[in-house]
Every structure is written in C-alpha cells, then in structure tokens.
Amino acid sequence: MLTGFGYAVSISKGASTNRLLITNRDNNKAYMFRNDVGSWYLESELTPTLNTLPLEYYGHSCCMSRDGTVAFVSDLYGEYSTDPREEGAVYVFEYNSSTDEWVNTARLKPSLVHRLMGGSIDCSANGSKLVC
C-alpha cells in the first residue's frame with residue numbers, strides 16, 4: 001500500500017520531454033516519471049547517494065527546473081540521528097542525457113542548524129537558484 005504517495009509533486013513546464021516528480025515521504029522515496037509520445041513511465045527513483053545516515057522525512061517537498069533536468073528533494077529533518085543538532089537538507093539531482101541517468105550532485109544544508117530546512121522549497125526556472 002502506498003500511503004504517503006504524492007505527498008509532494010512537481011511537474012516540468014514547457015519542456016519538450018515532460019517529467020513529473022512525485023514523493024512518498026512515508027517511505028523516504030522520490031520518483032521521476034517521464035512522458036514520451038503520450039505515455040507515462042517511471043524513469044528513475046531519485047535516491048540520495050550523498051548521505052551517511054538513514055533518511056528522515058525525505059520527500060517532504062520537491063521542485064524541478066522548467067525543462068525537467070534539475071530536481072530538488074528535501075529531507076525535513078536531515079539524516080536521522082539522535083543528535084538534536086542534525087539539520088534538514090535538500091538533495092540536488094541532475095539529469096545526465098549522455099548516460100540517461102539521474103545523478104545526486106549535491107546535498108545542501110544550512111550553515112546554522114535548522115531542523116526544518118526544506119519544509120517548503122522552490123527553484124528558479126533554470127534550476128540554478130533554490131529557496132527554502
């Protein structure tokens with residue numbers, strides 16, 4: 001049963017290839033769907049590779065660049081830890097058209113501890129700027 005599926009959703013706007021990013025915060029997953037010639041299919045599961053501890057509330061919020069080549073997924077409390085100073089984080093994924101794969105290119109975290117970083121996020125049209 002997919003409880004929490006669709007907790008956060010983002011769709012590329014004006015792209016020649018349409019993409020839909022859907023999260024499931026309950027199981028710490030993010031899924032990228034792609035539409036080619038009118039048919040939707042699962043393109044990739046966006047799994048953070050730049051983390052060291054289990055995730056907690058990964059998929060709380062998400063957004064995507066207009067062309068659908070840069071995606072951001074927040075982890076509201078950051079990696080799970082008993083340390084109350086652990087901060088929230090936002091994971092950056094970029095689509096590599098040469099390999100046809102999504103790559104986790106960055107883990108953004110605040111300079112000061114902020115456990116709720118990523119409660120709501122949005123990015124610029126080209127994905128070069130993020131607000132959270």
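A residue counts as buried when its relative accessible area is under 20%, as exposed when the value is over 50%, and as partly exposed in between. With that in hand, Arg34 is easy to place: its relative accessible area is 13%, so Arg34 is buried. The structure discussed here is a predicted model, and a walk through its strands, charged pairs, loops and cysteines follows.

The overall picture is one of strands. The chain comes to 0 helices and 10 strands, which gives the pattern β-β-β-β-β-β-β-β-β-β when read along the sequence. Of its 132 residues, 45% count as buried. Contacts also reach across the sequence: among those between residues at least 6 apart, 47% join residues at least 24 apart. The accessible surface of the chain amounts to about 7,100 Å², and carbon and sulfur atoms account for 52% of that surface.

Val90 offers a good view of the interior. This residue belongs to strand S7 and is buried, with a relative accessible area of 0%. Setting aside neighbours within four places in sequence, Val90 has contacts with residues that include Phe72, Val73 and Ser74, as well as Ala106, Arg107 and Leu108. Met117, Gly118, Ile121, Leu130 and Cys132 are also among the contacts of Val90. Ala106 stands 16 residues away from Val90 along the chain, and the C-alpha atoms of the two are separated by 8.3 Å.

Charged side chains come next. The model holds 5 salt bridges. One of them joins Arg19 and Glu43, with a distance of 2.8 Å from N to O. Arg19 lies in strand S2 and Glu43 in strand S4 (residues 39–45), so this pair ties together parts that are 24 residues apart in sequence. Both partners are on the buried side of the scale: Arg19 has a relative accessible area of 3%, and Glu43 counts as buried at 19%.

A further salt bridge links Lys29 with Glu45, whose closest N and O atoms are 3.2 Å apart. Here Lys29 lies in strand S3 and Glu45 in strand S4, so the pair ties together parts that are 16 residues apart in sequence. In this case the partners are partly exposed, Lys29 at 28% relative accessibility and Glu45 at 35%.

Arg34, the buried residue met at the start, forms a salt bridge with Asp36, the closest N and O atoms being 3.3 Å apart. Asp36 counts as partly exposed, at 28% relative accessibility. These two residues take part in a network of salt bridges that links Arg19, Arg34, Asp36, Glu43 and Asp100.

Arg25 has another arrangement. Its place is in the loop between S2 and S3, and although buried, Arg25 has no salt bridge. The nearest side chain of opposite charge is that of Asp26, 4.7 Å away, whereas a salt bridge needs the nitrogen and the carboxyl oxygen to lie within 4 Å. What Arg25 does have is a polar contact of 2.8 Å between its side chain and that of His60. Beyond its neighbours within four places in sequence, Arg25 is in contact with Gly4, Tyr7, Tyr57, Tyr58, Gly59 and His60.

Two loop residues deserve a look for their backbone angles. Most residues other than glycine have a negative phi. Asn28, in the loop between strand S2 (18–24) and strand S3 (29–36), has a positive phi, near 55°. Asp100, in the loop between strand S7 (89–96) and strand S8 (101–108), also has a positive phi, of about 60°. Asn28 is partly exposed at 24% relative accessibility, and Asp100 is partly exposed with a relative accessible area of 48%. Asp100 is also a member of the salt-bridge network described above.

Finally, the cysteines. A disulfide is a covalent bond between the sulfur atoms of two cysteines, and the count here comes to 0 disulfides. The cut-off is 2.5 Å between the sulfur atoms. For Cys63, the closest cysteine sulfur is that of Cys123 at 3.7 Å, which is too far for a bond. For Cys132, the closest cysteine sulfur is in Cys63, at 9.0 Å, again too far for a bond. Cys63 is buried, with a relative accessible area of 3%, while Cys132 is partly exposed, with a relative accessible area of 47%.

Terms used
Residues are numbered from 1 along each chain as its sequence is written. This is a predicted model: local features need pLDDT of at least 70, side-chain atom pairs count only at pLDDT 80 or more; totals for chains, interfaces and linings use all residues. Side-chain values use heavy atoms; hydrogens and water are left out. Buried means under 20% relative accessible area, exposed over 50%, partly exposed in between (1.4 Å probe, protein chains only). Helices (H or I, at least four residues) and strands (E, at least two) are DSSP runs, numbered from the N terminus. Contact means heavy atoms within 4.5 Å. Accessible areas come from the Shrake-Rupley method with a 1.4 Å probe; for residues, only the protein chains shown count as cover. Lys and Arg count as positive and Asp and Glu as negative; His and the chain ends are not counted. A polar contact is a pair of N or O atoms within 3.5 Å; within protein, one must be able to donate a hydrogen and the other to accept it, and residues adjacent in sequence count only if both atoms are side-chain atoms.
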